[in-house]
Each structure stands twice: as C-alpha cells, then as structure tokens.
Amino acid sequence: MNRRQILLVLASQTGMLWLTVNGFAAQAGKIVSSTSTPGKIRVYSAEQGDFILVDKVQKSAAEWKQLLTSEQYHVLREEGTERAFTGDLLKNKEHGVYRCAACENDLYLSESKFDSGTGWPSYYEAIAKENVLIREDRSFFTTRNELICSRCESHLGHVFDDGPPPTGKRHCINSISLKFKKLDQ
Ligand SMILES: [Zn+2]
C-alpha cells in the first residue's frame with residue numbers, strides 16, 4: 001500500500017464515521033418542531049383574525065377512543081391513511097376554515113385548497129406555521145414529512161415538494177382528520 005492508498009483508506013473511514021454520526025443525529029431529532037411543552041400554545045384563529053392562546057389538548061388513548069370514531073382514531077392517533085377519493089371534504093369548495101377533527105384547532109383556509117388529483121384534500125400552505133407542525137416520519141424505510149396538529153398532536157397527513165405556487169408545497173391531508181367550518185366573509 002503506497003502513501004496515496006493509505007490516505008484514501010483513511011478518508012473513506014473518516015467519511016463512514018461522519019455518516020454514522022449524522023445518522024444517529026437524524027434519528028435523535030425525530031420531532032422537528034418541539035411540541036412537548038405542556039400548558040398553553042399560541043395559534044392563529046380564523047374567526048378572531050389573530051393569534052390566540054389555547055390550552056394544549058392531551059388525552060389518553062382510552063379518552064380519544066371515546067371522542068373519535070374508530071376510523072378517525074386510526075388516522076388521527078395511529079397515523080393511518082384513509083382510502084383515496086373517499087373523503088367527504090375532498091371536493092368541498094366552500095369558503096371557510098378546515099379544523100382539526102380531534103381538537104378544532106384551525107388548520108387550513110379554503111383559499112389554499114387545490115385539486116391535486118391525488119384523492120386527498122390538498123393545500124399549498126397551513127393557516128399559520130404555529131397551527132400545523134412537521135414531524136419526520138421514518139416508517140416504511142423512507143423519510144416523509146408528517147404533518148400534525150400543534151394543539152393535540154394528531155396525525156393529519158404529509159407534506160411534499162410538488163405543490164403549486166406560491167409555496168410549491170402540497171399538504172396532503174386525510175379528509176377524516178378535518179372538520180369544515182363555513183365562514184361568512
Ligand atoms: Zn388537533
């Protein structure tokens with residue numbers, strides 16, 4: 001082994017170590033936005049037209065099961081996905097706000113909804129970044145960015161980078177995770 005080969009071996013070993021360290025770091029940082037603070041959080045309210053302070057919603061699995069249908073529980077609390085083209089709100093074009101079906105936190109305005117052709121309600125942005133949080137989802141050996149409600153941490157769907165202007169994002173949301181509230185103006 002000449003000097004050049006030794007240097008190459010050293011470089012590749014250092015590279016592998018670096019990758020390992022980064023792999024662990026990525027695993028440790030599962031929740032991108034911190035949602036573990038108990039008590040109150042600041043979220044945007046469409047009806048108030050401003051940010052408001054609300055209590056965080058934390059319930060046991062048994063309490064959620066009382067409150068939600070079994071289909072809702074599966075999607076919202078077990079990160080399930082409803083079948084494409086089956087959601088009640090998929091084709092809804094009324095003016096209003098889409099809220100979390102579990103805690104009524106405002107999530108999306110009708111203005112940001114678009115027809116993605118995927119079979120799930122799609123939005124190019126959340127009503128406010130404080131209301132919808134991103135969590136890294138490493139299930140099925142791929143990394144997708146999971147969207148959760150900031151107030152109750154229920155699963156909503158995933159965000160992708162193939163959305164329309166102005167954001168280029170596609171928030172792909174389960175209809176069953178949403179409740180629609182019509183707004184007058
Ligand atoms: Zn919620």
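These are my notebook entries on a predicted model.

**Entry 1: the hairpin**

I started with β1 and β2. Strand β1 covers residues 40–45 and strand β2 covers residues 50–55; the two run antiparallel, joined by six bridges. I looked up two of the pairings. Val43 has Ile52 as its bridge partner in β2, and Arg42 stands opposite Leu53. Four residues lie between the two strands of this hairpin, and Gly49 in the turn has a positive phi of about 65 degrees.

How many of the six residues of β2 are buried? The count is zero, so I noted β2 down as hardly covered. β1, on the other hand, supplies at least two residues to the largest nonpolar core, which I come to in Entry 3.

**Entry 2: helix α3**

Next I went to α3, residues 70–78. Its buried residues are Gln72, Val75 and Leu76. Looking down the axis of α3, I find these buried residues within an arc of 85 degrees, so they line one face of the helix. Ser70 and Glu78 sit on the other side of α3 and are exposed. What lies over the buried residues? The cover includes β9, residues 155–160.

I also checked the backbone just past the helix: Glu79, right after α3, takes a positive phi of about 55 degrees.

**Entry 3: the core**

I then pulled up the largest nonpolar core, which has 29 residues. The residues with the most contacts inside this core are Cys100, Ala102, Leu107, Ile127, Val132, Cys149 and Leu156. Elements that each supply at least two of the core residues include β1, α3, β7 (132–137), β8 (144–149) and β9. A general remark for the margin: nonpolar side chains tend to be buried together in soluble globular proteins.

I picked Ile127 for a contact list. Leaving out residues up to four places away in sequence, Ile127 touches Tyr44, Ala46, Val97, Asp106, Leu107, Tyr108 and Leu109.

**Entry 4: the three-stranded sheet**

I turned to the open sheet with the strand order β4-β3-β11, where the pairing is antiparallel. Which strands are at the edges? They are β4 and β11, each of which pairs on one side only. Ignoring direction, neighbouring strands of this sheet are turned by 30 degrees against each other on average.

For the pairing of β3 with β4, I find three bridges in the antiparallel sense. One detail I wrote down is that Tyr98 has Tyr108 as its bridge partner in β4.

**Entry 5: Ser177**

Ser177 caught my eye. This serine is in the loop between β10 and β11. Is Ser177 buried or exposed? It counts as buried because it has 28 C-beta neighbours inside 10 Å, and the cut-off for buried is 20 or more.

I listed the contacts of Ser177, not counting residues up to four places away in sequence: Val75, Leu76, Cys100, Ala101, Ser154, His155, Leu156 and Gly157. Val75 and Leu76 already turned up among the buried residues of α3, while Cys100 and Leu156 are among the residues with the most contacts in the core. I also looked at Glu82: it is 95 residues from Ser177 in sequence, and the two are 9.3 Å apart in space, C-alpha to C-alpha.

**Entry 6: backbone oddities in the loops**

I finished with the loops. Pro165 and Pro166 are joined by a cis peptide bond, with omega of about 5 degrees. Pro166 has its place in the loop between β9 and β10.

Phe85 is in the loop between α3 and β3. Its phi is near 65 degrees, a positive value in a residue other than glycine. With 11 other C-beta atoms within 10 Å, Phe85 is exposed; that cut-off is 12 or fewer.

Glu153 is in the loop between β8 and β9. Here too phi is positive, about 60 degrees, although Glu153 is not a glycine. Is Glu153 buried or exposed? It is buried, with 20 other C-beta atoms within 10 Å.

Notes: Residues numbered from 1 in each chain as written. Predicted model: local features only at pLDDT ≥ 70, side-chain atom pairs only at ≥ 80, totals over all residues. Pairing = 2+ DSSP bridges. Arc of directions from axis to C-beta. Contact = placed C-beta atoms within 7 Å. Core = buried A, V, L, I, M, F, W, Y, C linked by C-beta atoms within 7 Å. Axes fitted to C-alpha atoms, helices over the stretch in contact; angles between N-to-C directions.
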